[in-house]
Amino acid sequence: MSDADDQKRAAAEAAAQLLPDEGVIGLGTGTTARFFIERVGALVAAGRRLVGVPTSRASRELAERAGIPLLPDEGPWRVDVCVDGADEVDGSLCLIKGGGGALLREKIVNGAAAVNLIVVDRPKLSPRLGTRWPVPVEIAPFGHRAVAQRLAAFGRPVLRERDGAPFVTDGGHYIYDLHCGVIDDPAALERELDAVAGVVETGLFVGRATSLLIADAHGVERRDAPPAAR
């Protein structure tokens, strides 16, 4: 497989093959997740009793068009399997997510899932997080410049913008992309950022992936996290 979309589609198909015959499925956000949602819609049309919990408004719209029954946003849910992408993955299956701005909802659904499958193409792999991507940090709009001053203790915070205005998440928050270089201890950084007043959530997902599905020109490779790491 040489085409990037073909690889993402193959990874989405591999994830779909791991779904139960019936149950609640977390529907991730992003390009690979889009192919997965389309595949789940085909399974539902074929008679599989699957119900979705979308991680963004965009994924909800895709799922509705695909004919997938959906649970309300309010929860609570018991998610059997959540399938989502990532922007960067290290050798311990720690993740940076949030390039699409859905990190808060993604982390909520991830936390409600018994199994979390992460689907990526091989360029998303890094020896350590921060090699290629900054850490998205979702914050409240009130006092966001003051919060950014505190984030500067960890790296260089850059307000994410769209069309000359701050990018606004589905939850009504802003995102600062924190350029902190290679991250020696993702778990420690996650805890420290979470402790900053005004931070709603971070794009560090540590110990949250059950399995990783990696697509490249040769097919799809599966890596499972050690039980102690989940």
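**Overall architecture and the setting of helix 2**

Six helices and 15 strands make up the secondary structure of the protein. Its radius of gyration is 17 Å, close to the 17 Å that the globule rule gives for 230 residues, so the protein is as compact as a globular protein of that length. The model is a predicted one, and its C-alpha atoms fill a box of roughly 55 × 35 × 35 Å along the principal axes.

Turning to burial and contacts, 50% of the 230 residues count as buried. Among contacts between residues at least 6 apart in sequence, 71% join residues at least 24 apart. The accessible surface comes to about 10,600 Å², and carbon and sulfur atoms account for 51% of it. As for charge, the protein carries 27 positive and 32 negative side chains, with the centres of the two sets 1 Å apart.

Helix 2 offers a helpful local view. This helix spans residues 31-45, a run of 15 residues, and reaches 22 Å from its first C-alpha to its last, close to the 21 Å expected at 1.5 Å a residue. Its buried residues are T32, A33, F35, F36, I37, V40, G41, L43 and V44. These buried residues pack against two other helices, helix 1 (4-16) and helix 3 (57-66), as well as against strand 1 (22-27), strand 2 (49-54), strand 3 (79-84) and strand 6 (113-121). After helix 2 comes G47, which has a positive phi, near 110°.

Terms used:
Residues are numbered from 1 along each chain as its sequence is written. This is a predicted model: local features need pLDDT of at least 70, side-chain atom pairs count only at pLDDT 80 or more; totals for chains, interfaces and linings use all residues. Side-chain values use heavy atoms; hydrogens and water are left out. Helices (H or I, at least four residues) and strands (E, at least two) are DSSP runs, numbered from the N terminus. The expected span of a helix is 1.5 Å times one less than its number of residues. Buried means under 20% relative accessible area, exposed over 50%, partly exposed in between (1.4 Å probe, protein chains only). Contact means heavy atoms within 4.5 Å. The radius of gyration is taken over C-alpha atoms; the globule rule is 2.2 Å times the number of residues to the power 0.38. Accessible areas come from the Shrake-Rupley method with a 1.4 Å probe; for residues, only the protein chains shown count as cover. Lys and Arg count as positive and Asp and Glu as negative; His and the chain ends are not counted. The place of a charge is taken as NZ of Lys, CZ of Arg, CG of Asp or CD of Glu.
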